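I opened the notebook with the sequence and the model side by side, meaning to write down what I looked up in the order in which I looked it up.

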Amino acid sequence: MTAPDSQGVRWLQSTADAPRILQAVAGEMAAAGYIEDDVFAVCLGLNEALLNGIQHGNRGDPAKRVRVSYHVNAERVLAEVDDEGPGFNPATVPDPRAPENLERLGGRGLLLMRAYLTWVRYNAQGNGVTLCKCRSVP
Amino acid sequence: MLHRNAPLLQVAQAGEVTLVTITVAELGETNVHAVAAELSRLVGGRTRPRLRLDLGQVRYLTSTALGQLVALHKRVRATGGELVLANVTDPVYEIIRLTCLHEVFDISRPGSATPLAS
């Protein structure tokens, strides 16, 4: 993983790079006074987005990278994750909660992102996603 | 968040039941494949394996880890065995519930009755 550039952008090449990003985000959220549940939610959702980008978007190609940037302020956390793959249509991802899909081995990452974050938006090509978590009201 | 090279699980036998305790707080890409390989070795070649997987130390798991648990469940069931996820913590149960896998897994939570007692 590269160090963040002047715009705070980092580049990942493998899933092994994800923990350091998550540690950095968790540290900034804790410093900003977010409750533990919010930190957990962001780390879970962002981790799934990073894994999707590396494993599915870039299809594990080590020559391709995933771009990630994030911003923590007093009200919310925003993160952007972009891969170098062809993209996908998130509307076509089967609901893993449907009875016929319950025992499938994959397909739960997007559901978890949407469940734990305030909102999740993909770009038109489907190879970039913006994640938002608003601070929980005590 | 995820730590490499830490002990991943402990195994004990209680009668016919194999007790496996996952000893990491986070089950994700950096460790779940090693855990799955060890669990696969434990049930491999056995008929009707009875496995109690203690998740009491696990606070977080990824969708990949969920998939590995589903694979283990299907493998154990295919041989007529039993798999119980025991001591499932609140945050992990919430992940399981959100994905409706509580309808698939046999789950024991802290303080509840203990299925698969030896």
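**Entry 1: around B:Ile107**

I began with B:Ile107 and, setting aside residues up to four places away in sequence, I found that B:Ile107 touches B:Leu85, B:Val88, B:Tyr93, B:Ile96 and B:His102. I note here that the model is predicted, and that I read every value below with that in mind. B:Ile107 belongs to strand 7 of chain B, which covers residues 106-107. I also looked up the spacing to B:Ala86, which lies 21 residues away along the chain, and the two C-alpha atoms are separated by 6.0 Å.

**Entry 2: chain B as a whole**

I then stepped back to chain B, in which I count three helices and seven strands, arranged along the sequence as β-β-β-α-β-β-α-β-α-β. Chain B has 118 residues, and 50% of these count as buried. Among the contacts in chain B with a separation of 6 or more, 66% come from residues 24 or more positions apart.

**Entry 3: helix 3 of chain B**

Which residues of helix 3 of chain B are buried? In this helix, residues 90-98, I listed B:Val92, B:Tyr93, B:Ile95, B:Ile96 and B:Leu98 as the buried ones. Two of these, B:Tyr93 and B:Ile96, had already appeared among the contacts of B:Ile107. The cover over the buried residues includes strand 5 (60-61), helix 2 (63-78), strand 6 (82-86) and strand 7 of chain B, and also helix 2 (36-57) and helix 3 (109-116) of chain A. Just after the helix I noted B:Cys100, which takes a positive phi of about 65 degrees, and which counts as buried because its relative accessibility is 16%, under the 20% cut-off.

**Entry 4: the interface of the two chains**

Since chain A had turned up in the cover, I looked at the contact itself, to which chain B gives 26 residues and chain A gives 24 residues. The area buried between the chains is about 2,100 Å², with 65% of it from carbon and sulfur atoms. How many salt bridges does the rule find across the interface of chain B and chain A? The rule finds one, and I located a salt bridge between the side chains of B:Arg77 and A:Glu103, at 2.7 Å from N to O. For polar contact, the rule finds four residue pairs across the interface, both residues being at pLDDT 80 or more. On the side of chain B that touches chain A, helix 2 and helix 3 of chain B each supply at least two residues, and the largest share, nine residues, comes from helix 2 of chain B. By class, I recorded twelve nonpolar, seven polar and seven charged residues on that side of chain B.

**Entry 5: A:Asn47**

I next turned to A:Asn47, which sits in helix 2 of chain A. Is A:Asn47 buried or exposed? A:Asn47 is buried, because its relative accessible area is 2% and the cut-off is 20%. The side chains of A:Asn47 and B:Tyr60 are joined by a polar contact of 2.9 Å. Beyond its neighbours within four places in sequence, A:Asn47 is in contact with A:Ala18, A:Leu22 and A:Val42, and with B:Tyr60 and B:Thr62 of chain B.

**Entry 6: cysteines**

Last, I searched the whole structure for disulfides and found zero over all chains. A:Cys134 is in no disulfide, and the nearest cysteine sulfur, that of A:Cys132, is 4.1 Å away. With a relative accessibility of 32%, A:Cys134 counts as partly exposed.

Methods. Residues numbered from 1 in each chain as written. Chains lettered and ligands numbered in written order. Predicted model: local features only at pLDDT ≥ 70, side-chain atom pairs only at ≥ 80, totals over all residues. Heavy atoms only, no water. Disulfide = S-S within 2.5 Å. Buried < 20%, exposed > 50% of the residue type's maximum accessible area, 1.4 Å probe, protein only. Helix = DSSP H or I, 4+ residues; strand = E, 2+ residues; numbered from the N terminus. Contact = heavy atoms within 4.5 Å. Buried area = accessible area lost by both parts, 1.4 Å probe. Salt bridge = Lys/Arg side-chain N within 4 Å of Asp/Glu carboxyl O. Polar contact = N/O pair within 3.5 Å; in protein donor to acceptor, adjacent residues only side chain to side chain. Nonpolar A, V, L, I, M, F, W, Y, C, P; charged D, E, K, R; others polar.
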